[in-house]
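Please open the model in your viewer and keep the selection tool at hand. We will go from one selection to the next, pausing at each to describe what is there.

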Amino acid sequence: MSRMGGKSRSMYHEARHPEAVLSQLNALRRRGLLTDVVLRAGSAAFPCHRAVLAACSTYFQAMFGSGLRESHETEVDFADSVAPEALGLLLDYAYTSRLALSEETAAEALLQAADMLQFPEVRDACADFLERRLSPDNCLAVLVLADAHGCMSLRERSRRACLRYFPAMASGEEILSLSADLLLELVGSEELEVEEECVVLETCLRWVRHDSDHRHSRLPELLKQIRLALLPLPYLTSLVDKELLVVFQQKSQMLVKEALGCKRRILNNEGVVTDPCARPRQSGHSLLLLAGQSFMCDKVYLVDQKAHEIVPKAQLPNPRKEFSACAVGCKVYVTGGRGSEKSVSKDVWVYDNLHDEWGRVAPMLVARFGHGSAELGGELYVVGGHTAGTGQCPASPSAALKQVERYNPATNSWSMVAPLREGVSNAAVVSTREQLYVFGGTGGVSRERSPRVQCYQLEENRWSIIGACPQPWRHTSACLLGKHIFVLGGDTECSASAAYCFHTETHQWTRVEADGFTAKRMSCHAVASGNRLHVVGGYFGAQRGKTLDCYEPASDSWENVTSIPYSLIPSAFVSVWKHPTT
């Protein structure tokens, strides 16, 4: 009750009125009363009310209110451009505000109709329905549909499903009708999950042969996206000599011959090969564990994810601790550390994953331990750490180092680059395509915490401090998944109690709430491989971790890969290129 101008006025509102009106309008439609337009699709006819259609859809509002020919006609014929079942469902929604979805095929047709007739809420509901029902059988068709109708969330989810189920789709007929742009997007993705690259090549060749007159010119584009140097040598040779699509196209033949040369360098162990045609996809990496029976590391172990086993490989020639390990191509570089005599080393040992053997390269410029390392632009960067203090016993460390040095595998030489803004040791070091990131670490002999994020720009040869860490991290693991860096672990229960995600474009932090990230696994090791995060070792309080676990962001779930022998203490965990031995 309210007073206005000396008079009182009461306001009555019947909450059920809108639904009651809709119900009556729907009843009139069902009986064909007071309808003023008939919509036709195929052989089906749907009498309805212009006002209801115009109120629900800007498409019909423009059609009936613009003064065009359709605004005066009593029938609108969509012919075969709209499925009759889809149009019926849209009209049911317009008159009842309810939508019943039960089959993928109906949802796909309804999404097309809703997009065309501008029912955006129905289109989004169909996209959500399809998103929850993606499978190897429908993901490619859904990707094409989502791409055509601008359903971005559905497109991303279906694209990821296509990348995961590519081997199952590759032999089907549906992929032959894919547009060149979509096929290029799939086969060019680092996230494509295939065990053998020949599956990708054969799929592309089938696609070209399906309409060779119009598609042969696209073959060089496709070949550039295929990791040709990962194919067996006899296969590559046959491709140059016998595959007519390649033989009669100079650009394609040149690409395959370049891959042949790259393949021979790999097999002959002629330095580090980082050419794009030799770069495995994210799922084409081996997980290697460097560990020992004590904190002194003495051997490499292969994680066999299929057999769920830890397989011993080559013995480290010079056992050590407090070193750093980093993969460049199919080789693992073990830098610095301290040996059994406790002296600080500048030695660099290299493990060849293809030939299962160790070698030695030029030593670092600065002996160091407690440092980090990462690959950037095909070269190795070593960051921070400690060295032996001048005039002190070998075991006595200096303040945390600012020095950063870079190793060029092609020239087997080291050079200094711009120093850190703040010296750190035991920090997490990780690289993206163009930057190095350093998270946290210990600054100086007083072991003061340094919760900073330092970033190195390759083109500018410059470090900058771009933010603060949410935890006072040291002995922390960090790895890159997509555009996000996951940081977890730490050497205290406080810092290991949660994991965080750092967005490399916005420099913003997000706490990861997934189950399993709050397990307080201290001083663990983590790497990214095959679109997943793998975590091994560490401590749960006083108890040593005995499992290797895998986290998949897409499903926000954890899976146990295998158990680690209790007597084995991991010192480093790397993801290295996996190349065929033939």
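The tour below passes through the domains, a pair of helices, a pocket and a cavity.

**The domains**

Bear in mind from the start that this is a predicted model. Begin by colouring the chain by its domain assignment, which gives domain 1 (19–133), domain 2 (165–278) and domain 3, the last written as 285–388 + 396–577. If you then select domain 1 and domain 3 together, you are looking at two parts whose centres, taken over C-alpha atoms, are separated by 57 Å.

**Two helices**

Next, select helix H1 (residues 17–31) and helix H4 (residues 84–96), which pack with their axes 8 Å apart and at an angle of about 140°. Angles over 145 degrees would count as roughly antiparallel, and H1 and H4 are therefore oblique to each other. To see the contact itself, show the side chains of Leu22, Leu25, Asn26, Arg29 and Arg30 on H1, and then those of Leu91, Asp92, Ala94, Tyr95 and Thr96 on H4. Sorted by class, the residues of this contact of H1 with H4 are five nonpolar, two polar and three charged.

**The second largest pocket**

Now turn to the second largest pocket, which holds about 1400 Å³ of space. Of the 40 residues that line this pocket, select Glu195, Ser283, His285, Lys306 and Lys578, since these are the closest to its centre. Several strands give two or more residues to the lining, among them E6 (285–292), E7 (297–304) and E33 (557–563). The lining of the second largest pocket has 14 nonpolar, 13 polar and 13 charged residues. Where does this pocket lie with respect to domain 2 and domain 3? Both domains give residues to its lining, so the pocket lies between them.

**The largest cavity**

For the last stop, how many cavities of 30 Å³ or more are there? The count comes to one, and the space in the largest cavity is about 50 Å³. Select its lining residues, including Arg265, Ile266, Asn269, Cys330, Asp352 and His355. By class, the lining of this cavity consists of five nonpolar, three polar and four charged residues, and at least three residues come from each of domain 2 and domain 3.

Key
Residues numbered from 1 in each chain as written. Predicted model: local features only at pLDDT ≥ 70, side-chain atom pairs only at ≥ 80, totals over all residues. Heavy atoms only, no water. 1 Å grid on protein atoms, 1.4 Å probe; cavity = no way out; pocket = protein on both sides within 12 Å on 5 of 7 lines; lining within 4 Å. Points joined across faces, edges and corners; volume = space filled by probe spheres on them. Nonpolar A, V, L, I, M, F, W, Y, C, P; charged D, E, K, R; others polar. Domains from an automatic or database assignment. Axes fitted to C-alpha atoms, helices over the stretch in contact; angles between N-to-C directions. Helix = DSSP H or I, 4+ residues; strand = E, 2+ residues; numbered from the N terminus. Parallel < 35°, antiparallel > 145°, perpendicular 65-115°, else oblique. Contact = heavy atoms within 4.5 Å.
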